[in-house]
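Q: I would like a close look at one part of this protein, followed by a walk outward to the rest of the chain. Please keep the wording plain.

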Amino acid sequence: MDSRRPAFTIAADGSYAAWLALSRATGGWFPERWTLDGPEPYAVPLPGTQPEEPDSEVLPLTDGRVLIRRRVAERYTLSLLYPTGPGTGELPLGAIECPYLSLLPPAPDGLSAYALVHGERTTTLWRVYGSPAGPELLARVPGRCSGGAWLDRPGRLLALDRELDGLTKAVVVDLGRGGKTTPLLQIAEKSNDRLVLADPDSGLLLVRSDAPGEERLGWGVLGSARPVRFPECLRQPGAAVTPFAVQPGQTLTPEVCSVAFRVDRESGTSVGIWRPAERQLRQFPGPLGWVAGAGLWTAHGELRLPYVTPHVPCGLARLRLPDPDEGGLDPLGEMTENGGSPAARPVPLQQAPHARARAR
């Protein structure tokens, strides 16, 4: 998988995915929607009247439509795409004039979409789909924000990584309180603390911080007074380790949540699996043609990894792990492709002041 290829984004409930695919016939980019929740995955092309720019962004909704963000001169246009007969239907949603606009990860309700507009000193948060009057400005956050992770199922609490006064700290924007912003991570006074991944069900947080003296991956629990822990097994010399999916549905049991990682080395890219209760990062090759860094867990513990090969234009490899209560961590499990053949140092985590709102 070419790291320069546009992102592969999966809908909030895992039903659909979307990305920009490359046409073999024309060499141009076009939106493609994948259906993931059936017995076999399948892809539907959603080409427009002309090829897309490679920096366009797409975001799948749970009703099967795909939101696309395009740059046109000094503004960004937003539209909904959907299959209609032999062609592609398009519903314009409006435009925002700004230097740069990026879509946030899919909202938990699956039927609304949010974006950040990046300014030099301020970041604004917009609802770009889901408001009756078109794009809606929701909040202004001092500093330059990036990232984005939803902390609750209602979609009220949004975590962002904010760069301000030379430091990057994760903060929470409360959409239920007019966009009020509060700190989420304050591991050390002068540390850079970013939120990499969050699971709303268990409260598990995956963070990246330089508080231990070098940048490390750690984990904590939303609303907990216990410190962030930096497991030694997540420190892989010579490799970049990036979490991309957390097993949902593990209510109040973050220690047994399975987390999937992308592990990049000079020799290639592999898949890593880890649970906070364990002391090892188990690694294995991904399927041939894996869309590296993309995948989803089911609540029952099945990891699904999308892949593309010259002979399989839309594939989904499935890996099931043994239950942690069964004991024995090996073998890792059996991977099947489309149903076919098997193929540190503790530091304080600030207790989140918004934890009570999450429980309401």
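Which residue in β25 is the bridge partner of Trp-297?

A: The bridge partner of Trp-297 in β25 is Leu-303. The model is a predicted one, and this pair is a good place to start reading it.

Trp-297 brings in strand β24, which covers residues 296-297 and pairs with β25 in the antiparallel sense over two bridges. The two strands make a hairpin with four residues between them, and in this hairpin Gly-301 takes a positive phi near 95°. In general, strands of a sheet pair through backbone hydrogen bonds, and the pairing can be parallel or antiparallel.

On to β25 itself. This strand runs over residues 302-307, and six of its six residues are buried, so β25 is largely enclosed by the rest of the structure. The cut-off behind that word is a relative accessible area under 20%. In a regular strand the side chains alternate between the two faces of the sheet. In β25, one side carries Glu-302, Arg-304 and Pro-306, while the other carries Leu-303, Leu-305 and Tyr-307. Every residue on these two lists is buried, and thus both faces of the strand are covered. Leu-303, the partner of Trp-297, is therefore one of the residues in a strand that is largely enclosed.

β25 also pairs with strand β26, which spans residues 315-320. Six bridges join β25 and β26, and the two run antiparallel. Within this pairing, Glu-302 of β25 stands opposite Arg-320 in β26.

Next come some residues from other parts of the chain. The backbone oxygen of Ala-299 lies 3.1 Å from a polar atom of the side chain of Gln-247. Gln-247 is found in the loop between β20 and β21, and with a relative accessible area of 7% it is buried. Arg-282 sits in strand β23, residues 282-285, and is buried too, at 5% relative accessible area. Its side chain makes a polar contact of 3.5 Å with the side chain of Glu-278. Glu-278 also meets Arg-275 in a salt bridge, with 2.9 Å from N to O. Both Arg-275 and Glu-278 are buried.

That salt bridge leads to the charged pairs elsewhere. Side chains of opposite charge can pair when their charged atoms come close. A search of the whole structure finds 17 salt bridges. One of them joins the side chains of Asp-201 and Arg-153, at 2.9 Å from N to O. The pair links distant parts of the chain: Asp-201 is in the loop between β17 and β18, Arg-153 is in the loop between β13 and β14, and the two are 48 residues apart. Asp-201 is buried at 18% relative accessible area, whereas Arg-153 counts as partly exposed at 43%.

Another salt bridge is formed by Arg-156 and Asp-174, whose closest N and O atoms are 2.6 Å apart. Arg-156 lies in the loop between β13 and β14 and Asp-174 in strand β15, so this pair ties together parts that are 18 residues apart in sequence. Asp-174 is buried, with a relative accessible area of 5%. Salt bridges can also join into a network, as they do for Glu-214, Arg-216, Glu-232 and Arg-235.

A contrast in burial is given by Pro-237, found in the loop between β19 and β20. Pro-237 is exposed, because its relative accessible area is 73% and the cut-off for exposed is over 50%. The C-alpha atoms of Pro-237 and Arg-265 are separated by 9.4 Å, although these residues are 28 apart along the chain.

Elsewhere, four strands form an open sheet in the order β5-β6-β7-β8, with antiparallel pairing. Its edge strands are β5 and β8, each of which pairs on one side only. Neighbouring strands of this sheet are turned by 25° against each other on average, direction ignored. Strand β7, residues 75-84, and β8 pair over 10 bridges, and Ser-79 stands opposite Pro-92 in β8.

Finally, the chain as a whole. It has one helix and 27 strands, and buried residues make up 52% of its 360 residues. The chain exposes about 16700 Å², of which carbon and sulfur atoms supply 50%. The structure holds zero disulfides. Among its cysteines, Cys-233 is buried at 13% relative accessible area, and Cys-257 is buried at 0%.

Methods. Residues are numbered from 1 along each chain as its sequence is written. This is a predicted model: local features need pLDDT of at least 70, side-chain atom pairs count only at pLDDT 80 or more; totals for chains, interfaces and linings use all residues. Side-chain values use heavy atoms; hydrogens and water are left out. A disulfide is a pair of cysteine sulfur atoms within 2.5 Å. Buried means under 20% relative accessible area, exposed over 50%, partly exposed in between (1.4 Å probe, protein chains only). Accessible areas come from the Shrake-Rupley method with a 1.4 Å probe; for residues, only the protein chains shown count as cover. Two strands pair if DSSP finds at least two bridges between them. Axes are lines fitted to C-alpha atoms, for helices over the stretch in contact, and angles run from 0 to 180 degrees between N-to-C directions. A polar contact is a pair of N or O atoms within 3.5 Å; within protein, one must be able to donate a hydrogen and the other to accept it, and residues adjacent in sequence count only if both atoms are side-chain atoms. A salt bridge is a side-chain nitrogen of Lys or Arg within 4 Å of a carboxyl oxygen of Asp or Glu.
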